[in-house]
Amino acid sequence: MIIFRYLAKEVMLAFSAVAGVLLLIILSARFIHFLSRAATGRLNSEYLFSLIGYQIPSFLLVLLPLAIFLGVLLAYGRLYVDNEMTVLRACGMSSRRLIAFSLFPGVLVTILVAALSLAVAPWGAKNAEWILAKQKTLTEFDMLLPGRFQSTGERVTYTERLSDDRKRMDGVFIASLGESGGEGRITLLLADEGAQRVVEETGSRYLELKQGYRYDLVPGEADLRQIRYERYGIKMPRGSDDIEISEVKALSTPRLYEEGLENRGELLWRISLPVMVPILVLLAVPLSRVNPRQGRYMRLVPSVIIYLVYLGGLLASNSAVADGRLDWQWAMWPLHLVFLLAAIVLNWGRDIRTLLTPKPVASITGASR
């Protein structure tokens, strides 16, 4: 029991370190991506951290199998380099016992991945898709940031100051392309202040500008029309209030049993991830055997390549099922079987060869006198 706790502790420490580093790298990249969208007004900054939080379960689905795979490799690799594994072998630690001890943390990670894959990740994806879909219902003025030019299609908007309730603006500049007729014609609107107004009968929203000028012009031509106004109204585009979540990744697992090749492919993908974890643990145990002179990182790169081939095969099978090129009932299981057989050969190859090798039969010949 002491040896079991020691090995499990080493594996889980390495697993936690690898998972934490990989998650930090991915979260940093996604945070920079969403932050750039929020800085340019394409994403409401209020939803920035919520959007990243809802996507964490999807990131962990891919990271946790790799983390437990590398965790076993690094933990046992250190034991081989420090000759601790040699001492354990001399004390009676068999290969079967080592594999049994290794599968215990593997089973825990399998349960965690299954919970993430079948329930938590779809819930997070649904909320993330809802946030992204909600951005489409917002108008350009809901996304406006003071002191920045906001581009939305054929209109560019700028304001020096914006009230906290986003209803009043000071120092407004709006440039529209082709609004006053004629190809290439530009309309410029400048106003000291502006405010949003809602017509209760229709629900339409208008931007009411006060004390400003309107310029109609064609770049490169001398023709210019200038109009001074006290009040000027612009009807704001109205987004759709209906938010539909159509992404397959956002559907709950029971809904994936409905007809549809894309649903079947997503269902197989969610089932394959938990199945993948114990197979990776079985592969990691023999791959962690290194010569103390080689170092614990000797087989790290080949092991990562094996994982990428495994994961890439699952993704390719998922795509093939969604496209109707493979039968969903048998699409991913041959790939799991291939890697499982590889793990069996690496772990028990010598025992299998011993059983298959015919034993020599001793012959006794008597000499007659």
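**Group meeting talk: a walk through a predicted model**

I would like to begin with one pair of residues: the side chains of Glu10 and Arg78 are joined by a polar contact of 3.4 Å, where a polar contact is a pair of N or O atoms within 3.5 Å, of which, within protein, one must be able to donate a hydrogen and the other to accept it, and residues adjacent in sequence count only if both atoms are side-chain atoms. Before going on, I should say that this is a predicted model, in which local features need pLDDT of at least 70 and side-chain atom pairs count only at pLDDT 80 or more, while totals for chains, interfaces and linings use all residues. Residues are numbered from 1 along each chain as its sequence is written, and side-chain values use heavy atoms, with hydrogens and water left out.

Let me stay with Glu10 for a moment. Glu10 sits in helix H1, which covers residues 2-39; helices here are DSSP runs of H or I with at least four residues, strands are runs of E with at least two, and both are numbered from the N terminus. Is Glu10 buried or exposed? Glu10 counts as buried because its relative accessible area is 17%, and buried means under 20%, exposed over 50%, and partly exposed in between, with a 1.4 Å probe and protein chains only. Leaving aside residues up to four places away in sequence, Glu10 touches Ala75 and Arg78, a contact being heavy atoms within 4.5 Å.

Now the wider view. The protein has 7 helices and 6 strands, and from the N terminus on the elements run α-α-α-α-β-β-β-β-β-β-α-α-α. Of its 369 residues, 40% count as buried. Among contacts between residues at least 6 apart in sequence, 60% join residues at least 24 apart. One pair that is distant in sequence is Lys126 and Lys249, which are 123 residues apart in the chain and 7.7 Å apart in space, C-alpha to C-alpha; Lys126 belongs to helix H4, residues 95-137, and is partly exposed at 47% relative accessibility.

How far can we trust the coordinates? The mean pLDDT of the protein is 81, and 84% of its residues reach 70 or more, pLDDT being the predictor's confidence in each residue, from 0 to 100. Among the elements, helix H2 (residues 48-81) has the highest mean pLDDT, 90, and strand S1 (residues 150-152) the lowest, 71. Over residues 362-369 pLDDT stays under 50, and for this stretch the model has 0 contacts beyond four places in sequence. Where pLDDT is low, the predicted coordinates should not be read in detail.

I turn next to charged pairs. A salt bridge is a side-chain nitrogen of Lys or Arg within 4 Å of a carboxyl oxygen of Asp or Glu, and by this rule the count comes to 10. Arg161 takes part in a salt bridge with Glu160 at 3.6 Å, N to O, and in another with Asp170 at 3.7 Å. Arg161 is partly exposed, because its relative accessible area is 48%, and Asp170 is also partly exposed, at 28%. Which residue meets Arg225 in a salt bridge? The partner is Asp216, at 2.5 Å, N to O; Asp216 is buried, with a relative accessible area of 0%, whereas Arg225 is partly exposed, at 43%. Salt bridges that share partners also join Glu10, Arg78, Asp82 and Glu84 into one network, and that brings us back to the residue I opened with.

Two backbone angles deserve a remark. Most residues other than glycine have a negative phi. Asn83, however, has a positive phi of about 65° although it is not a glycine, and it lies in the loop between H2 and helix H3 (84-90). Gln211 likewise has a positive phi, of about 55°, and is found in strand S5, residues 205-217.

Finally, the surface. The accessible surface comes to about 21200 Å², of which 60% belongs to carbon and sulfur atoms; areas come from the Shrake-Rupley method with a 1.4 Å probe, and for residues only the protein chains shown count as cover. Leu118, Ile271, Trp330 and Trp333 make a nonpolar patch of about 410 Å²; patches are made of residues with over 30% relative accessible area and no salt bridge, with like charges joined within 9 Å and nonpolar side chains (Val, Leu, Ile, Met, Phe, Trp, Tyr) within 5 Å. Of these, Trp333 is in helix H7, residues 333-356, and is partly exposed, with a relative accessible area of 33%.
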